Amino acid sequence: MAVPVGVSQSSNVVTCIRLRPLLGKESRNIQYSVVDNTAIHIVKPSESVTTDVAERRSYEFSQIWDTDATQEDIHGYFWPNVENNLFNGFNATIMCYGQTGAGKTFTLCDNGLLTRLCGAVFQKIQREPGAQYECSVSFIEIYQEAVYDLISSECDKRRSHGGGAPTGANKMNFFEGEKHLRLPVSSVEDVASAFEMGNRFRRTASHDLNSRSSRSHSLFYLHICKRARGKEIWHSKLTIVDLAGSERVSKTHSTGEVFREAVAINQSLSALLDVVKALASRKKLVVFRQNLLTLYLKDSLLNSYFALICCCSVAAPSLDETLCTLSFGSIAKTVQITRVRNVLRSPQKRATNEGPLEGPTGPTEPPQTVTISVHEYEELRAQLLQHKDEAQRREE
């Protein structure tokens, strides 16, 4: 069903769980059960020396995939909502979260959601031969406190240095997409080629829990623009976020540069948790600028259909990390996001930076302003200073 121009939509973060089966030397399962693919019950053995009574924890989510789920199962679940949003001018985001080695990159990138969703996009475009679409992709990684473009022509020149081409973006000098190459694509093969090209430059390392651990967060964008009679009507953006996994150094036994990378990863994930908690509690002030990861996710968390896949291991030694991941998902599912259709101005008015936003039926309403009292301003200022102090303490 077509969505009228200028109409906004609201929904909570769609939170799903994917359970990773035992691998390699892992031999003991967590005691768990999945009910109706929406509830999971986990038994946590007692840590007390005086009692053997185990603790039973229960969680409910939009969807839970057990260890036998396939890549196609996951694609089939998300595609209808992704299609409805993208082709009505709304943004869509899929993000994987979880401990290192829990299957995040596999879910998204190993013949996973990235190529399957992009392939479905181009199949739909091909079924509309009379429509005009323009598509392009961007691919970046956030490594420690810097952003790198993974498909820039500068990457090959920097091959000996490792990683992609620096964009110069930082927490105080930031504008999303300002210096990121957009590579035009016209088929899923073009998308796969761009991803494979960029993925070669993404930083990885080996430690005790993962022989090929991602040391950076990656964000892959598919930009879609629809035209009619040569005039832009709307644009949308599909964002695929592969987060680096949370790590406990006591288990990974990381040292040197890998240890420093782990510290940066955990700091950024902690900042993401702070932002998600603030959004869940409907705080008036949400501090995105405390970390580059939260800055780059700001648009997704404020103006996008957002789906979170929490990847969990069922191996018994990973019980604490799995419970932490499930707790994060429980908070995230309460976040409500209102997204607005991305309607573009005509080229003539956009060139002069004049005139209201336009759609095929005419101009949309101008943005509204918000007025707050002096007391509210002082409260927001105090919260901002508190977040600044907390960020400084983390860095120290």
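This passage describes the overall make-up, two groups of paired strands and the cysteines of a predicted model.

The chain holds eleven helices and 19 strands. Of its 396 residues, 49% count as buried. The exposed surface of the chain comes to about 19,600 Å², and carbon and sulfur atoms supply 50% of that area. Among the contacts in the chain with a separation of 6 or more, 72% are accounted for by residues 24 or more positions apart.

Strand β15 spans residues 231-242 and is mostly covered, with ten of its twelve residues buried. Strand β14 (residues 217-228) runs antiparallel to β15, and eleven bridges join the two. Within this pairing, Arg-227 stands opposite Glu-232 of β15. The hairpin of β14 and β15 has two residues between the strands, and Arg-229 takes a positive phi near 55° in this hairpin. Strand β15 also pairs with β7 (residues 92-98), here in the parallel sense and over five bridges. Ala-92 has Leu-238 of β15 as its bridge partner. Strand β15 is thus described by an antiparallel pairing with β14 and a parallel pairing with β7.

A separate description applies to the open sheet formed by three strands in the order β3-β4-β5, in which the pairing is antiparallel. Strands β3 (31-35) and β5 (55-60) stand at the edges; each has a single partner strand, so one side of each is left without a neighbour in the sheet. On average, neighbouring strands of this sheet are turned by 15° against each other, direction ignored. Strand β4 (residues 39-44) pairs with β5 over six bridges in the antiparallel sense. Val-43 has Arg-56 in β5 as its bridge partner. Helix α9, made up of residues 319-332, lies across β4 and β5 and runs at about 145° to β4.

The count of disulfides in the model comes to zero. Cys-118 is in no disulfide, and the nearest cysteine sulfur, that of Cys-135, is 9.1 Å away. A disulfide requires a pair of cysteine sulfur atoms within 2.5 Å. With a relative accessible area of 1%, Cys-118 is buried. Cys-324, by contrast, counts as partly exposed at 45% relative accessibility, because partly exposed residues are those between the cut-offs of 20% and 50%.

Terms used: Residues numbered from 1 in each chain as written. Predicted model: local features only at pLDDT ≥ 70, side-chain atom pairs only at ≥ 80, totals over all residues. Heavy atoms only, no water. Buried < 20%, exposed > 50% of the residue type's maximum accessible area, 1.4 Å probe, protein only. Helix = DSSP H or I, 4+ residues; strand = E, 2+ residues; numbered from the N terminus. Pairing = 2+ DSSP bridges. Contact = heavy atoms within 4.5 Å. Areas by Shrake-Rupley, 256 points an atom, 1.4 Å probe, with all protein chains shown as cover. Axes fitted to C-alpha atoms, helices over the stretch in contact; angles between N-to-C directions.
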